[in-house]
Amino acid sequence: MIRDTSLYAYEDIKSDGSVGKKQKEVYDYLLTHSDKTDQEICRGLGYTDRNIVSPRRNELFKKGIIINVGKRLCTVRNRLAIVWRIKK
């Protein structure tokens with residue numbers, strides 16, 4: 001279930017042009033697939049290179065749009081990794 005606050009944030013981002021195409025792609029993925037690692041986001045979006053996703057995710061983090069919610073084993077690499085979520 002998507003929270004109303006997430007939808008409002010999404011509409012703000014979409015309308016004000018504050019994020020680029022790849023940032024929006026990462027944002028949209030996290031909107032429907034919360035609590036994912038960079039590798040999981042990468043795989044979910046169909047990319048093989050984490051360096052396509054990681055910089056865009058970092059930009060969203062610096063803007064306060066997404067947050068770090070801790071660490072867990074990544075389902076892609078089976079290693080401990082930071083988990084990301086859209087800020088509510």
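**Reading a predicted chain: surface, helix, cysteines and phi**

Modeller: The accessible surface of the protein chain comes to about 5600 Å², with 49% of it belonging to carbon and sulfur atoms; such areas come from the Shrake-Rupley method with a 1.4 Å probe, and for residues only the protein chains shown count as cover. This is a predicted model, in which local features need pLDDT of at least 70 and side-chain atom pairs count only at pLDDT 80 or more, while totals for chains, interfaces and linings use all residues. Residues are numbered from 1 along each chain as its sequence is written, and side-chain values use heavy atoms, with hydrogens and water left out.

Biologist: What share of the 88 residues in the protein chain is buried?

Modeller: Buried means under 20% relative accessible area, exposed means over 50%, and partly exposed lies in between (1.4 Å probe, protein chains only). Here buried residues make up 31% of the 88 residues.

Biologist: In what order do the elements of the protein chain run from the N terminus on?

Modeller: Helices (H or I, at least four residues) and strands (E, at least two) are DSSP runs, numbered from the N terminus. The order is α-α-α-α-β-β, which gives four helices and two strands.

Biologist: How does the reach of helix α2 relate to the span expected at 1.5 Å a residue?

Modeller: The expected span of a helix is 1.5 Å times one less than its number of residues. Helix α2, residues 21-32, has twelve residues and reaches 17 Å from its first C-alpha to its last, close to the expected 16 Å. Its buried residues are Gln-23, Val-26, Tyr-27, Tyr-29, Leu-30 and Leu-31.

Biologist: How many disulfides does a search of the whole structure find?

Modeller: A disulfide is a covalent bond between the sulfur atoms of two cysteines, and the criterion is a pair of cysteine sulfur atoms within 2.5 Å. The search finds zero; Cys-42 is in no disulfide, and the nearest cysteine sulfur, that of Cys-74, is 9.9 Å away. Cys-42 is buried, with a relative accessible area of 1%, and Cys-74 also counts as buried, at 3% relative accessibility.

Biologist: What is notable about phi of Asp-35 and phi of Asn-78?

Modeller: Most residues other than glycine have a negative phi. Phi of Asp-35, however, is positive, near 60°; Asp-35 lies in the loop between α2 and α3 (38-44) and is partly exposed, with a relative accessible area of 27%. Phi of Asn-78 is likewise positive, near 55°; Asn-78 sits in the loop between β1 (66-73) and β2 (80-86), and at 58% relative accessibility Asn-78 counts as exposed.
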